[in-house]
Structure formats: C-alpha cells, structure tokens
Amino acid sequence: MVNCCGLVTVKNKPVPLKSIAVEVSVQGHVATVSSTLQYENQEESPLEAIFVFPLPGEAAVCRFSAKIGQTEVVAEVQEKQKAREQYDDLLSSGQQAFLLEESDESPDVFKLSVGSLPPGEKASISLDYVTELAVQADDGLRLCLPAVLNPRYQPQGSDSGSGGSALVSSVPTGSVPYSLSLSARVSSLHPICRIESNCPLDPLNYLNTEKTQATVSLAAGHQFDRDVELLLYYQDTHQPTAIVEAAQASAKPGSLMGDPVVMLSLYPEFPNDVMSSMTSLGEFLFVVDRSGSMSCPMHNESVAQDRIGSARDTLLLLLKSLPMGCYFNIIGFGSRYESFFTKSVEYSQKTMDEALQKVKAMRADLGGTEILQPLKHIYSQPCLPDQPRQLFLFTDGEVGNTKEVLDLVKANAGSHRCFSFGIGEGASSALISGVAKQGGGHSQFITGQDRMQPKVMQSLRFALQPAVVNISVKWNVPKGVSVTSLSPPIRVLFQGQRALLYAQLTGKSSGDTEGSVTVKYSLAEQPVENQLSFSLKPAEDTGLTVHRLGARTLIRSLEMEERQGDGKKKGVQEKVVELSVQSGVSSVFTAFIAVHKVDGEAVQGPMLRRQVPTPSVCGYAKQQRRSLRGAAMNRSMLTKMCCDVQAVMGPRGLRSNFRKMSKLQSEDLDCPATASNPVKDPLLQLISLQKASGSWVLEAALAEVLGKTEEEVAKPKPAQVDQEVWATVLALVWLYGFKMEAQEEWQFLAMKAVSWIQAQKASVSECVKAGNILLGCQVQKDTLGL
C-alpha cells in the first residue's frame, strides 16, 4: 500500500484527477501543446483539488479554460495577488473557480487549483502552451513533456515563497492514479526523416507523399516512470529560416500584439580552418552534484548504473581529454561543497592521477542539493590570465531557488562560459537550460538510457572551440518600417547550434517587401558575417505562436531585470503585468483565473482539499526514508503535507496552511541501492590507462584490454620503435578498429595521442601495419591522423 504521498488519505479517499490527454502540433521548430485534465469528485463533500506539476522551462502558457457540464469558461490573465484574492473570495462564497499560477521560484513549475467541485461533479481543465524545440548535437529537435516532478531542495534559511514548488505530493513512478494519452501532428518545410522517443510509440504515419506532414502517438499504457521525450529529425535542419506572423486583428497597432512579429532561426557556419584548431588553454571547473538523489539509477530498467557512477566515468573521460597546458579543478556539492584542490591546478600527470584517485572515491554523500554556495565560491576566485574559465555543471536539478542561481550566473557571465547537464528524470529544465543560457554555454539532458559521456564530450568540443566575440546584429528594413528587438543581445554562438531572434515590426513600407538581418562577429581574430533575407509579407495563419514566444522572451528578460534590481527599478513589474495581460502569456507576476458562475444555491458544506500527486523517481524514496528516520520537525510537517486532508471553514485558511507547509526544508537522502558496479567497459579501461601527455605504456593491463598477453603484444613491435610509441599506436588502432561507434567519446584523447606521437618524430608506418596484423584490423595510417 502506498502511504504518506497524497495518493489516498488515511480513509482511502480517491484523488480527483482521472486522466490527462495531450495533443501536440509541431510546425517546424515550434510546438503548441494542448493538455486536457479530467477531474471528478467522487466524494460526499465539495472539494478543492491542488495539482503541482512541471512544464518545460521555456514554455509560454497562453490559454487556460474549464468546462463544467456543457459550459466552458475561458480564463483571463490578471495580476497574481489580485487573482488569488478573487479565487479565495469566490470559494468562500461557494462559487466555482480555477486558478493557474507559475511558481515564484522556478518557471518550470505550475500550480493548478480546481475550486469547489460539488459531490459527483466532473470538470475538464484545458491548458495550452507554446515552446521552441531545442536543437540536439545530432541535429534532432527535442520536445520534452515533463511527467516527473521530483521534490525541490530548499536551501536552509531561504524563503520559499508561495508559488508552490516546494509543496510537491509524490508517488513512485508507475503508481500514479491517472492515465496519460498523447498524439502529435508534425508539419515541416523539409521532409520528416524519423521521430524517436524514450517511450514506446505507435508507428509513424505520413500524411503526404513529400513526407512533410506526419502523425504519431504514444503507445497505450504509459507508466509515468519518465518524462516523455520526442526527437524529430528533418532533412536539411540547418537551413536558416524567417517567419513573419501577422498582427492580432483586435489589438492596437503599435502594441506587441498589434504589429507583425518576426522569428529568425540562424545557424552560423564557421570557417573550416578556424574550427580545425582547438584551443589548448582554459581553466576547466567540473562542478558535480553529490547529493543523495545522485545515488538513484540512471533509468528504470533492471540493471542501471547509478547517477554518481555515471558521473565518475564521465569525469575519467574528461580528465583524460583535457589539453596539456590548461588548468582544472573538481568541486562536489550537496548541503556543503568540497574542492579537490584549494585552487585550480595545472594539468599534468601528477595532478591528473591525484584527481582520478579522488574521483574513484566520490560518492553521493553530501546531503541536499545546494548549488548557490559553490557557485559563489567559484566566482569569488580570480580568473587566471590567458586561461578562459569553462564551468561544467552536473546535477539532477532538484532545487527550489532556481531564480537566485540564474541571477548569480548572469551577474558573472562576463568571466566564464557555463555548460550544464541535467541528469535523470525530473531534472529542472528551467535550471539546466537557464544556467547555460545565462552563462553563454550549452545545455544537455541525459534521460532514459542515454549515455552521459557522448553528450558531455559534445559540450567539451564546444568549450574547446575558439570563443565568438564582438557579436552584432543589424536589421535592414524598408523605409517606413522600424524594428524593436524582443530578444536579449546574442552573447554566444556555437558551430551548428541555432540562434533565435524575435523582433516586432512597426509601420508599413510603400513599396519594398524585403528585409534582412546581418550578424557580424569575430572568431579567432577573423571577421565573419552571416546574412539572412526574409519577406515582410506575413505567413499563413500561425495562431499567434510567434507573438506569444516573442512575448515570453521579453517577459523573461524583464523578470530577470526586475530581480537583479531587487524590485527597485520602477515600472518593470508593471510592464511585465501589462505585457502578460495583453499577450495572454503567463509570467511570475500574473496568473490565469476562470470563474464559473453557479446559478441558484452556492455549494454547501465544509470543503476538503485534495493534493494530486506527480510521479517522482527519487522523491518518493527520499520522503519514505525521511519519514522512517523520523526527524521530529520533518516528520510532523511531512505527515501534514502528504496525508492530512482537513475540513476547514474556508479557502483562506487552506491557503495560509499551504504557504506554511511550502516552507518545509527538504533534504536529499540516499535512494535504494542499485547496480552501481557493472562490468567494466573495455573502452573505459583503455582510457584509464592513458597518460596525461596522450601516450600509453606497454603493460599487462593494456594487453588485457587488447585481448592479448603481454608477450603477444611486445613481440611484433618494430625493432627501431620506442615501446611507448608502439603502445600508443596499438591503442589508436584498437579504438579505430573496434570502437568507432563511440568516437565522440574518445576523439579528444585520440587527438592528444596523435600529437604526442608526432612530437616523438617516430616513423609509424611499420607500427600501424604490425598493429593491424596483431589486432586483426585494417585501419589506414591516414585514418589515425598520422
């Protein structure tokens, strides 16, 4: 029996949410997601249902409605406090109301309050949001529909606010008492090659011979044990595009909704000669989550490595791939943080060996997830001259102070680049994507059976690219048309990665209907220029999607501006509220409220509150462990949070109680033990044997990886060749002969090996030939880069 997590009360009362149906409409790089939630009150008293759930951090919630019987009421956007008070007043007077609000702490958590459902009543809640699809390193476009919401760690002494992110009612994945169905329709200018998912899908159904339209559905029986991830692959993904969307007919010209808005997708292409030269300088800081939740499994299959084990393997790969001449340090964090070295050290055989010994001993044993303090410590350290700071952050992303973290990263954006990795189901997209965006880096999510190593090495490739500087954007439009940018200035560009720009187009041109945008920047001291031309004529009806995404982009920028000014900058909050109300897009200062005027008598009787649970991969185990350990304060408050359903006089009392409970301090504890010591991968064994310089030594351990005895390996060595050169050539032949499918993981350490061999000025033709014979391969010398 499941207890203490909101699924049932002590009297086994049912949860009122019965099902969720999701319809996705994808147009190129943008998705509109429509979710319908079916509620039913099967109890004998009126009730209020509270559902705290995740959405993508980049999403713009743009519509919310409720249907009771045959009556549909569409919500309007209001200033948040005003909407809350109206909701409370309506419930106090026995009316029906529905409130949707964004968390004060994190834009990827929302709270839905379904108020005063009479006994036997059904209600259908619909909410729509639009979102951009993130480009992956393999050119896929990623759409994530978060299903898992793990409890967010709230740092000691912080004020958790009233947005609801801390009050998460959780059950184990697979025990969620409501169902999920999902269907998607995809349209693209380019043919759709395939659609993949981490969840079982029904077969892809093409709607035309050009394969530019298709539908796909989630197979029946989704268990809520993971976020639902769709990866879309188009032909010619890297084509720059421009979409001009017509103004809203009812809006005032000159306002954001009353003017056309353009969305530009730019794919900068860097000169090949520049891209072939990777930097050997840099201060590399690897900041690794060691909270208790990192001992959870990477996925839910029978044999899964735990998250901290995968992080250890990844650190091995990173440490072996770093260039000679750089500096590095590793910082583990939880409720406290620990650095491997008091300050960054120069990369050498000695420091690499010392770090690897500490990596082997690294465990998920530092308590809760407190990211802010280690970041403050890092930013307090002076940067090293001529060694650009590159920060790699690994976390399962369960924090309650996301906005504080993002503000800190942005305030220090000029001194570093930040690359972030969300590990496991339920990692906060607002945190992971946000720190990379504010830190001028790149974000990756490792979910399902994804391997962490190739994704991390893709980001290392970005980190080793020459930095793009002096980025400028110039708009060229006809006379009579003016451009107002809705996007913050572009601060970072990476080869093959998309840059998005939104702009409002005001006024009209008497003749010319063409515009263009020119992006200029410097790369390795070379000037580069990319230009994209576009028609000012609006595209066919796109349902105001581009306007809403543009409004969301501007709202997020203004929200951060307001926070960094501590609310002292006059008029910013009012501007956000005005923009949010005008565009119908959610913000931290506004909420959606729908009111159903009940004819006749008001709803009678004391009202119950029901907490609708979300699935949690680690949170449930942590809550149970917390309860079992029985810390006096946590035990009483957790019981109150998860189990107790009180009959109270009115919703004001309930809301007050909710706000008190939301200040509950959480603590990450170890999850149940998993297969943390799987059979050692031969590739990782080979990598662990490489020296910092890039070479290998002829030894028994190397022979074992190659599947030979030490004598069998030593015997065919060409007489005039040094043993270390021979061993290094053999390692390269083995990699190219047997591990090409994992080349992304070992490409940098192979480059180091080739550089080391070339520095020895040794003749290697005979070595390659003898190595091929020994290992049964046919690898060409040119293939090795020799």
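Helices are DSSP runs of H or I with at least four residues, numbered from the N terminus. Under that numbering, Lys761 falls in the loop between α18 and α19 (765–775). The model described here is predicted. Lys761 has a positive phi of about 55°, although it is not a glycine. Exposed means over 50% relative accessible area. Lys761 has 74% relative accessibility and therefore counts as exposed.

A second lysine shows a positive phi. Lys211 has a phi of about 60° and is likewise not a glycine. Its place is the loop between β15 (205–206) and β16 (213–217). Lys211 is partly exposed, with a relative accessible area of 40%.

The overall make-up of the protein comes next. The secondary structure consists of 19 helices and 34 strands. The protein has 786 residues, and 58% of them are buried. Contacts between residues at least 6 apart in sequence were also examined. Of these, 76% join residues at least 24 apart. The accessible surface comes to about 31400 Å². Carbon and sulfur atoms account for 50% of that surface.

Several strand pairings were identified. One open sheet is formed by 4 strands, in the order β10-β11-β17-β14. The pairing in this sheet is antiparallel. Its edge strands are β10 (134–135) and β14 (192–197), and each pairs on one side only. Within the sheet, strand β11 (residues 141–145) is joined to strand β17 (residues 228–234) by 5 bridges. These two strands run antiparallel. Cys144 has Glu229 in β17 as its bridge partner.

Strand β29 (499–507) takes part in further pairings. Strand β19 (residues 261–266) pairs with β29 in the antiparallel sense, over 6 bridges. Here Leu264 has Leu501 of β29 as its bridge partner. β28 also pairs with β29 in the antiparallel sense, over 5 bridges. Val483 stands opposite Leu505 in β29. In a regular strand, side chains alternate between the two faces of the sheet.

Aromatic contacts were then counted. The total comes to 14 aromatic pairs. One of them is formed by Phe419 and Phe494. This pair is tilted, with 5.9 Å centre to centre and 45° between the planes. Phe419 lies in strand β25 (residues 416–423). Phe494 lies in the loop between β28 (481–485) and β29. The two residues are 75 residues apart, and the pair links distant parts of the chain. Both Phe419 and Phe494 are buried.

Another pair joins Tyr736 and Trp746. This pair is edge-to-face, at 4.9 Å centre to centre and with 80° between the planes. Tyr736 lies in helix α17 (residues 723–738) and Trp746 in helix α18 (residues 743–760), so the pair ties together parts that are 10 residues apart in sequence. Tyr736 and Trp746 are both buried.

Phe419 and Phe494 also belong to one aromatic cluster. Its other members are Phe286, Phe392, Phe394, Phe421 and Phe462. Phe462 has a charged neighbour as well. Arg461 lies over the face of Phe462, at 5.6 Å from the ring centre. A lysine is placed in a similar way elsewhere. The charged end of Lys358 sits over the ring of Phe341, 5.2 Å from the ring centre.

Two helices complete the account. Helix α3 (residues 307–321) has 15 residues. From its first C-alpha to its last, α3 reaches 21 Å. That span is close to the 21 Å expected at 1.5 Å a residue. Of the 15 residues of α3, 15 are buried, so the helix is largely enclosed by the rest of the structure. An α-helix has 3.6 residues a turn, so residues three or four places apart point the same way.

Helix α7 (residues 429–438) contains Ser433. Buried means under 20% relative accessible area. Ser433 has 17% relative accessibility and therefore counts as buried. Residues up to four places away in sequence aside, Ser433 touches Glu58, Ser443 and Phe445.

Notes
Residues are numbered from 1 along each chain as its sequence is written. This is a predicted model: local features need pLDDT of at least 70, side-chain atom pairs count only at pLDDT 80 or more; totals for chains, interfaces and linings use all residues. Side-chain values use heavy atoms; hydrogens and water are left out. Buried means under 20% relative accessible area, exposed over 50%, partly exposed in between (1.4 Å probe, protein chains only). Contact means heavy atoms within 4.5 Å. Accessible areas come from the Shrake-Rupley method with a 1.4 Å probe; for residues, only the protein chains shown count as cover. Two strands pair if DSSP finds at least two bridges between them. Rings of Phe, Tyr and Trp (its six-membered ring) pair if their centres lie within 6.5 Å; planes under 30 degrees apart count as stacked, over 60 as edge-to-face and the rest as tilted. A charge sits over a ring if NZ of Lys or CZ of Arg is within 6 Å of the ring centre and within 35 degrees of the ring normal. The expected span of a helix is 1.5 Å times one less than its number of residues.
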